[in-house]
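I opened the model today to look things up and keep notes. My entries follow the display.

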Protein chains: 2
Amino acid sequence: MSRTDEVVDRITAMILDGRLGPGDRLPVEKDLAETLGVSRSSLREGVRALSVLGVLETRQGAGTYVTTLDPSLLAGPLGLVVELQSAGHAAHVHAVRRMLETEAAALAAAAAHPPGAELMAAGEALDAAAAAMDGAAGTDHDALIASDLAFHHHVARAAGNPVLAALIDALGGRTARHRLRRGLSEPDADARSLREHRAILAAVVDGDVDRARVRMSAHLIAVEDFLNDLE
Amino acid sequence: MSRTDEVVDRITAMILDGRLGPGDRLPVEKDLAETLGVSRSSLREGVRALSVLGVLETRQGAGTYVTTLDPSLLAGPLGLVVELQSAGHAAHVHAVRRMLETEAAALAAAAAHPPGAELMAAGEALDAAAAAMDGAAGTDHDALIASDLAFHHHVARAAGNPVLAALIDALGGRTARHRLRRGLSEPDADARSLREHRAILAAVVDGDVDRARVRMSAHLIAVEDFLNDLE
DNA sequence: CGGATGGATTCATCAGATGATTAGGTCTAG
DNA sequence: CTAGACCTAATCATCTGATGAATCCATCCG
């Protein structure tokens, strides 16, 4: 095992056994390197790796700190890896995303009384999508994609499970290019997608678990069908 | 943005646009550092970060290579991050795990004709679990936990979606300590868990999608109930 | 009392040197 | 001619030292 791997293990072990907690500051490079018995170079490589993973955060001049370790931090690096793999496994990624989003819609519906801030934000995302489609200069595809991502993100958050929301973000945030191609190649697709989104949100806000589940599932299956037809 | 982040972005971009593919070798450190306009130290930090993420693999004396980018490589770093967060979000992690494993059991049942190698391996894991419980020196808890992990792993693989299997591994592989505590504190728990496992596998092998789904879900809910009672 | 300032602290980056490991060619024995 | 040991070059791993940039904090001045 390399020195760097050892650094990663030792630091994660310190977090796991409570010697380091969210927000805590790590010793300065020189001291920590000496404690772990490695050079500053090796220490820095390990710290940087944990920084990319979202576990640590270094600020020049200030020090190195443990992050909040929120599940949302998981989305970044996971999304990166998913994106790299989606070339050969796009269908599999999307299938998993559909499982998670379907359950998220059901959970959001079950928890929708009264509607919270996330569902309000989801509704605003749909209004923004409608505005993007009715613009004077034709459809603003970039804004439409952003609204689409925002809608799914807020529904996921409304489910009340931050780990679930983070995974959905990681799996779903990388299909924007496909959605763009979809909107460009099928003029009706945008309007249909908006209708489906509104139906999903209506079911969620009504607290209708079954309809929320089925409509979200149907919506994502329609997307999968389109992606399959592209090939 | 730091030099290291730029290195990560540039290398991932090279993979995304096809300039680098699975198995390809990267230029030597000196050349790549010069190409990217950074020092070897910064380059190494970026390469190391991607190595921890499972995207690159460096072998001393041989060179740096792009990995196969299989979804299973995703499990390692994701599992690490999940473990670090599971302190405060264990219930949420387990809820997501239950969603995924329930669908995996259903998919495995739908694809179970004829039973493949993964289901055979799942059955062998249950035999090993039974042997671990009937040992002369009492229950071998370590072997039992390993069998438990193996069973869930193979059922997930039998679903035929490698991304799903990788996520299940990442989310489920870190609750071994809890299972140990469960087995130690509730003598009947091990036997009950084995019965539930056998019932799940029977439904999967029969191709009974509904029973496979319900039994897996019930099994994992039972585990969640136990974990909640601990607190 | 509040803001500006300057120094100390800390991370960021670079450069160079040495060791460890691997790959591949070469040489020798059979 | 072949098979094996051996040797050399290539490459990554690690360490050390130095310089720059950003931040923090105590001090000083208005």
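These entries cover the DNA surfaces, the contact between the chains, one hairpin and one helix crossing.

**Entry 1: the model.** I am working from a predicted model.

**Entry 2: DNA strand C.** I asked which residues come nearest to this strand. There are 19 residues around DNA strand C, and the nearest are A:V28, B:R3, B:S39, B:S42 and B:G61. I then looked up the elements behind this surface. β2 (63-66) of chain A supplies at least two residues, and so do α1 (3-16) and α3 (40-52) of chain B. By class I noted 12 polar, 4 charged and 3 nonpolar residues.

**Entry 3: DNA strand D.** I repeated the search for the other strand. Here 20 residues lie around DNA strand D, with A:R3, A:S39, A:S42, A:G61 and B:V28 coming nearest. Two or more residues each come from α1 (3-16) and α3 (40-52) of chain A and from β2 (63-66) of chain B. α3(A) gives the most, with 3 residues. The class split is 12 polar, 5 charged and 3 nonpolar.

**Entry 4: the hairpin of chain A.** I followed β2(A) to its partner. Strand β1 (residues 56-59) of chain A pairs with β2(A) in the antiparallel sense, over 4 bridges. A:L56 stands opposite A:V66. The two strands form a hairpin with 3 residues between them. In the turn, A:G61 has a positive phi of about 85 degrees. I had already listed A:G61 among the residues that come nearest to DNA strand D.

**Entry 5: chain B against chain A.** I looked up the contact from the chain B side. 36 residues of chain B are in contact with 36 residues of chain A. α1, α3, α4 and α7 of chain B each supply at least two residues of the touching side. Which element gives the largest share? I found α4(B), with 15 residues. The touching side of chain B divides into 24 nonpolar, 8 polar and 4 charged residues.

**Entry 6: α4(B) and α7(B).** I turned to how these helices cross. The axes of α4 (residues 72-110) and α7 (residues 162-172) of chain B come within 5 Å and cross at roughly 115 degrees. The helices are therefore roughly perpendicular to each other. The crossing is left-handed. From α4(B), the contact residues include B:L74, B:L78, B:V82, B:V96 and B:L100. From α7(B), they include B:P162, B:L164, B:L167, B:I168 and B:L171. By class, the contact has 15 nonpolar, 3 polar and 3 charged residues.

Methods
Residues are numbered from 1 along each chain as its sequence is written. Chains are lettered from A and ligands numbered from 1 in the order in which they are written. This is a predicted model: local features need pLDDT of at least 70, side-chain atom pairs count only at pLDDT 80 or more; totals for chains, interfaces and linings use all residues. A residue is near a molecule or strand if its C-beta atom, placed from the backbone, lies within 6 Å of it. Ala, Val, Leu, Ile, Met, Phe, Trp, Tyr, Cys and Pro count as nonpolar, Asp, Glu, Lys and Arg as charged, and the others, Gly among them, as polar. Axes are lines fitted to C-alpha atoms, for helices over the stretch in contact, and angles run from 0 to 180 degrees between N-to-C directions. Angles under 35 degrees count as roughly parallel, over 145 as roughly antiparallel, 65 to 115 as roughly perpendicular and the rest as oblique. A crossing is left-handed if the near helix is turned anticlockwise from the far one by less than a right angle, and right-handed if clockwise. Two residues are in contact if their C-beta atoms, placed from the backbone, lie within 7 Å. Two strands pair if DSSP finds at least two bridges between them.
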